[in-house]
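This report covers a sheet, one residue and the contact between two chains. The sequence and the structure come first.

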Number of protein chains: 2
Amino acid sequence: MADKIAIIGLGLIGGSIGLGLTAARKRDKSLNIEIVGHDRLPENASKAKRLGAIDKVEWNLLAAVDRAAMVVIATPVLAVRAVMEQIADTLANGATVTDTASTKADVLQWANEILPDYVTFVGGHPMAGKELPGVENADAELFKDAVWCLCPGIHAEQSRVDVVSAFVEVMGGKPYFVDPHEHDGLVAGISHLPIVLASALVGATTADPAWREMRKLAASGYRDTTRLASGEPQMNVDICLTNRGPLLGWIDRYIEELQHYRTLIAQGQEGAEALAKEFIRVQMERDHWAYGKKDGDGQEPVQKISLGQMLMGDRFNRLTEYIRQGERKRS
Amino acid sequence: MADKIAIIGLGLIGGSIGLGLTAARKRDKSLNIEIVGHDRLPENASKAKRLGAIDKVEWNLLAAVDRAAMVVIATPVLAVRAVMEQIADTLANGATVTDTASTKADVLQWANEILPDYVTFVGGHPMAGKELPGVENADAELFKDAVWCLCPGIHAEQSRVDVVSAFVEVMGGKPYFVDPHEHDGLVAGISHLPIVLASALVGATTADPAWREMRKLAASGYRDTTRLASGEPQMNVDICLTNRGPLLGWIDRYIEELQHYRTLIAQGQEGAEALAKEFIRVQMERDHWAYGKKDGDGQEPVQKISLGQMLMGDRFNRLTEYIRQGERKRS
């Protein structure tokens, strides 16, 4: 019998996970899974089915997670809590639950409080995105080589944590285990601050009386710098609410940095040398990051048994042994 | 005899202009031009020749512009002035000079002061760019459908202004005539402010002790938001120096906007609704800009005689008549 994987929330991420799993199943016949999907909005679920991201739509949330070996909650952060509360009593003994929300400290706290002990929760956050949200932009390749943060809950069993690692790797992602509070601090600077910056840039420019003319001249630089302003508004609000402290800290530091640039620019020729040094430094730093990235910046893959093998048989309990026997190798 | 076009400064823009012109010449045999190139750094000129962006390298700046029908100064802003001073006495009577620098008010003032009256200067600014600078990233298609700002100087003859329009269109660009001060105000918000914002983001994040970890998690959102920090440092310094007033104004307004976001985020649940409204508004505004852009947002093409026809014959003087006769049509 096929193992059931339920995807709750069929947007860009949930849809891409579905497509990634169906692609993996095509490549690897041992991956005997049934992918069911549920979305608050029926049209999203229908679209996901039509796109081949899921095998079956479940209009009822509880029916979706009932007897599922794995549940993937791919909603904005605050909805993760609501979904957990609704599904807690229906989850199968031994089920593995993960999510894909952008912040992890609150999510892990909710999982620890709400989910039963006999369920393994591993919070997840794939570091991948696209300009446009929605299942219609889903892509089986979205997670290829993407770092995928993983935060096991307090009741997590190691063998099932390994299942989540394998789940990530089967879609091309690189598991990266991290403490949830550390995660939130790190992504506040490189992911959540940029969302606010891009939004403020669109906010300030489009409110200008000259926007009618400016919009004609705005080109690829503006397009790229503002890309994150096209993200899902609800997702962005939830991020701000659940990662408030670290994000506010980053906004303050950013304003300081911007004031520093302002000071140098205001000095004109006098500040030019210091300004040049800043532009040279950030060019080097960014190019080093973007082009000098070494292989293996992500953590090493934890195991090498296929997800199919993992989900098969007596569900997970033989795994730990396999893993200890297996040699580590880079995927 | 072929008309000589001299490109001074063979970086991404100068190189792309060269490639655009050679591609146009291949398509249109009536475009009888010789493209010579000069760069302060001999290796850039050699690369441009090797890439087929220019027909001939001129190691000497004055030899490059000598007897040229058209001179294109494609250097950072401040170097435009130095080049004008050096070439002023060598420019042919009736030559057309243009540039591609990011600010226009200072450039037009220099042209009016430095260049002889018998030369037509039309300041130019193609609204196109790429993540990586340098002639090695030059692309004949870089200007396809790009708005190309044009600011005729005080001594400009209309027939030669039309030559510059044709020059822009032959590379796929859309001429957009604008007052130089208006130009600088407009691009300060949608081009120069984003450069400073991207640089400050790289500056703040890479200086953090946790950058070693953050860099592993940074993904496409960070990549896009910081893209402009990988631009040419000298170009960026020159932009700040020559567009100081408008840029400082925009930085101040941006900080206000960011403070507004900060206030709402700090309010937590209380500010959530107002924050959601902001995210919804900027998503709509950006999507409208990025995807709802109507055809013809650029100004209508001014003429429809080919650049080859224009440069040929008795150099330009028959043009005005042709243009008055010709029907306007969209390219």
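## The sheet of chain B

In this predicted model, B:Thr96 has B:Thr120 as its bridge partner in strand 6 of chain B. Strand 6 (residues 120–126) runs parallel to strand 5 (residues 96–99) of chain B, and three bridges join the two. Strands of a sheet pair through backbone hydrogen bonds, and the pairing is either parallel or antiparallel.

The open sheet to which these strands belong has eight strands in chain B, ordered 3-2-1-4-5-6-7-8, with mixed pairing. Its edges are strand 3 (56–57) and strand 8 (174–177) of chain B; each has a single partner strand, so one side of each is left without a neighbour in the sheet.

Helix 6 (residues 158–170) of chain B lies across five strands of chain B: strand 4 (70–73), strand 5, strand 6, strand 7 (147–152) and strand 8. Helix 6 runs at about 25° to strand 6 of chain B.

## Surroundings of A:Val65

A:Val65 belongs to helix 3 (residues 61–65) of chain A. Is A:Val65 buried or exposed? With 26 other C-beta atoms within 10 Å, A:Val65 is buried, because the cut-off for a buried residue is 20 or more.

Leaving aside residues up to four places away in sequence, A:Val65 touches A:Ala6, A:Val71, A:Ile87, A:Thr90 and A:Leu91. A:Gly37 is 28 residues from A:Val65 along the chain, and the C-alpha atoms of the two are separated by 9.3 Å.

## Relation of the two chains

A turn of 180° with a shift of 0.0 Å along the axis lays chain B on chain A, at an RMSD of 0.0 Å. That is the relation of a two-fold axis. The same surface serves both copies, as 100% of the contact residues of chain B recur in chain A. Within chain B, the residue that comes closest to the rotation axis is B:Thr225, with its C-alpha at 2.1 Å.

## Make-up of the contact

Chain A and chain B each give 80 residues to the contact. On the side of chain B that touches chain A, two or more residues come from each of strand 7, helix 7 (180–206), helix 8 (211–217), helix 9 (220–225), helix 10 (233–242), helix 11 and helix 12 (272–291) of chain B. Helix 7 of chain B supplies the largest share of that side, 18 residues.

## Helix pairs across the contact

Helix 11 (residues 244–266) of chain A packs against helix 11 (residues 244–266) of chain B at an angle of about 165°, and their axes are 11 Å apart. The two helices are therefore roughly antiparallel, since that term applies to angles over 145 degrees. The crossing is left-handed. Residues of helix 11 of chain A that make this contact include A:Leu247, A:Ile251, A:Ile255 and A:Leu258; on helix 11 of chain B they include B:Leu247, B:Ile251, B:Ile255 and B:Leu258.

A second pair is helix 12 (residues 272–291) of chain A and helix 10 of chain B, whose axes come within 9 Å and cross at roughly 140°. That angle makes helix 12 of chain A oblique to helix 10 of chain B. Their crossing is right-handed. Helix 12 of chain A contributes A:Ala272, A:Leu275, A:Ala276, A:Phe279, A:Ile280 and A:Gln283, and helix 10 of chain B contributes B:Pro233, B:Asn236, B:Val237, B:Cys240 and B:Leu241.

Conventions
Residues numbered from 1 in each chain as written. Chains lettered and ligands numbered in written order. Predicted model: local features only at pLDDT ≥ 70, side-chain atom pairs only at ≥ 80, totals over all residues. Least-squares fit on C-alpha atoms with pLDDT ≥ 70 in both. Contact = placed C-beta atoms within 7 Å. Pairing = 2+ DSSP bridges. Helix = DSSP H or I, 4+ residues; strand = E, 2+ residues; numbered from the N terminus. Axes fitted to C-alpha atoms, helices over the stretch in contact; angles between N-to-C directions. Buried ≥ 20, exposed ≤ 12 C-beta atoms within 10 Å, placed from the backbone. Parallel < 35°, antiparallel > 145°, perpendicular 65-115°, else oblique. Left-handed = near helix turned anticlockwise from the far one by under 90°.
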